[in-house]
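Student: Please take me through the labels on this model. I want the cut-off behind each one.

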Amino acid sequence: MSKLSETRHTSQRGVAFIAGWEGFSPRPYNDGAHPLPGHATIGYGTLLHHGPVTLADKRRFPNGITRAQGRAMMAKELRKTERGVRGLLGYRVRRRMNQAQFDALVSFAYNVGLGALGSSTLLRLLKAGHPGLAAREFKKWDKAGGVRMAGLTRRREAERRMFIHGVYEGND
């Protein structure tokens, strides 16, 4: 059993990619799902909880957070996302993947959630040994609240290029 496939983590380039696409907000905000209010989020896309920002969230972060605090929160969230992605992929699939492919999947799951990745055709095709077909599936995930979002379209294309070609193109 390869130690690398069991302990694989997002590369520094992958972390920078995700941070660039997520952007930084020092104060809690409602992420995503237009026209719905979205979910309470802070820093580099770290989910505080499902549902909109509450008064309690604003009281918890009265002066906001620093970029360093945002990076620490992101690192903690990334560890959970990486564990989830490794579990969803299984050992045989992880063993066949390169670092850029793993980073692309972690970026995708960090943004849409592990549940979405777990139920996706992208994952099903990848597990069936069809990475080329799986890569096409990134493009289908460019909507929030049923509305196509230009930023998500660009991010999914960047994740697809990373997955296929190992090209890390951020949104910075």
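**Labels and cut-offs**

Tutor: Start with Arg 161, which counts as partly exposed at 24% relative accessibility.

Student: What makes Arg 161 partly exposed?

Tutor: The cut-offs: buried is under 20% relative accessible area, exposed is over 50%, and partly exposed lies in between (1.4 Å probe, protein chains only). Arg 161 has 24%, so the middle class applies. One caution: this is a predicted model, where local features need pLDDT of at least 70 and side-chain atom pairs need 80 or more, while totals for chains, interfaces and linings use all residues. Residues are numbered from 1 along each chain as its sequence is written, and side-chain values use heavy atoms, without hydrogens or water.

Student: What makes the contact of Arg 161 with Glu 169 a salt bridge?

Tutor: The term needs a side-chain nitrogen of Lys or Arg within 4 Å of a carboxyl oxygen of Asp or Glu. Here the closest N and O atoms are 2.2 Å apart. That is within the limit, so the label holds. Glu 169 has a relative accessible area of 31%, so this partner is partly exposed as well. Elsewhere, salt bridges that share partners join Glu 22, Arg 155, Arg 156 and Glu 159 into one network.

Student: How many salt bridges does a search of the whole structure find?

Tutor: Ten. Side chains of opposite charge can pair when their charged atoms come close.

Student: How do you know that Lys 140 forms a salt bridge with Glu 137?

Tutor: Their closest N and O atoms lie 3.0 Å apart. The partners fall in separate classes: Lys 140 is exposed because its relative accessibility is 54%, and Glu 137 is buried because its value is 9%. Glu 137 lies in the loop between helix H8 (131-136) and strand S4 (143-144). Helices (H or I, at least four residues) and strands (E, at least two) are DSSP runs, numbered from the N terminus. Ser 120 is 17 residues from Glu 137 along the chain, with 8.5 Å between the C-alpha atoms.

Student: Why is Asp 142 called buried, and Lys 143 partly exposed?

Tutor: Asp 142 has a relative accessible area of 4%, so it is buried. Lys 143 has 41%, so it is partly exposed. Their side chains meet in a salt bridge at 3.5 Å, N to O.

Student: What makes the link from Thr 10 to Glu 82 a polar contact?

Tutor: A polar contact is a pair of N or O atoms within 3.5 Å; within protein, one must be able to donate a hydrogen and the other to accept it, and residues adjacent in sequence count only if both atoms are side-chain atoms. The Thr 10 and Glu 82 side chains make theirs at 2.7 Å. Thr 10 sits in the loop between helix H1 (3-7) and helix H2 (12-22). Its relative accessible area is 11%, so Thr 10 is buried.

Student: Which residues gather in a patch of positive charge?

Tutor: Arg 60, Lys 76, Arg 79 and Arg 83, on the surface. Patch residues have over 30% relative accessible area and no salt bridge, with like charges joined within 9 Å. Lys 76 has 54%, so it is exposed and clears the area cut-off. Lys and Arg count as positive. The charge is placed at NZ of Lys or CZ of Arg.

Student: Where does the largest share of the positive patch come from?

Tutor: Helix H4 (residues 67-96), with three residues. Lys 76 is placed in helix H4, and so is Arg 83. Lys 76 and Lys 140 are 64 residues apart in sequence and 28 Å apart, C-alpha to C-alpha.

Student: What makes Asn 30 and Gly 166 partly exposed?

Tutor: Asn 30 has 36% relative accessible area and Gly 166 has 27%. Asn 30 belongs to strand S1 (residues 25-31), with Gly 51 at 8.0 Å, C-alpha to C-alpha, and 21 residues away in sequence. Gly 166 lies in the segment after helix H9 (150-165).

Conventions
Patches are made of residues with over 30% relative accessible area and no salt bridge: like charges are joined within 9 Å, nonpolar side chains (Val, Leu, Ile, Met, Phe, Trp, Tyr) within 5 Å. Accessible areas come from the Shrake-Rupley method with a 1.4 Å probe; for residues, only the protein chains shown count as cover.
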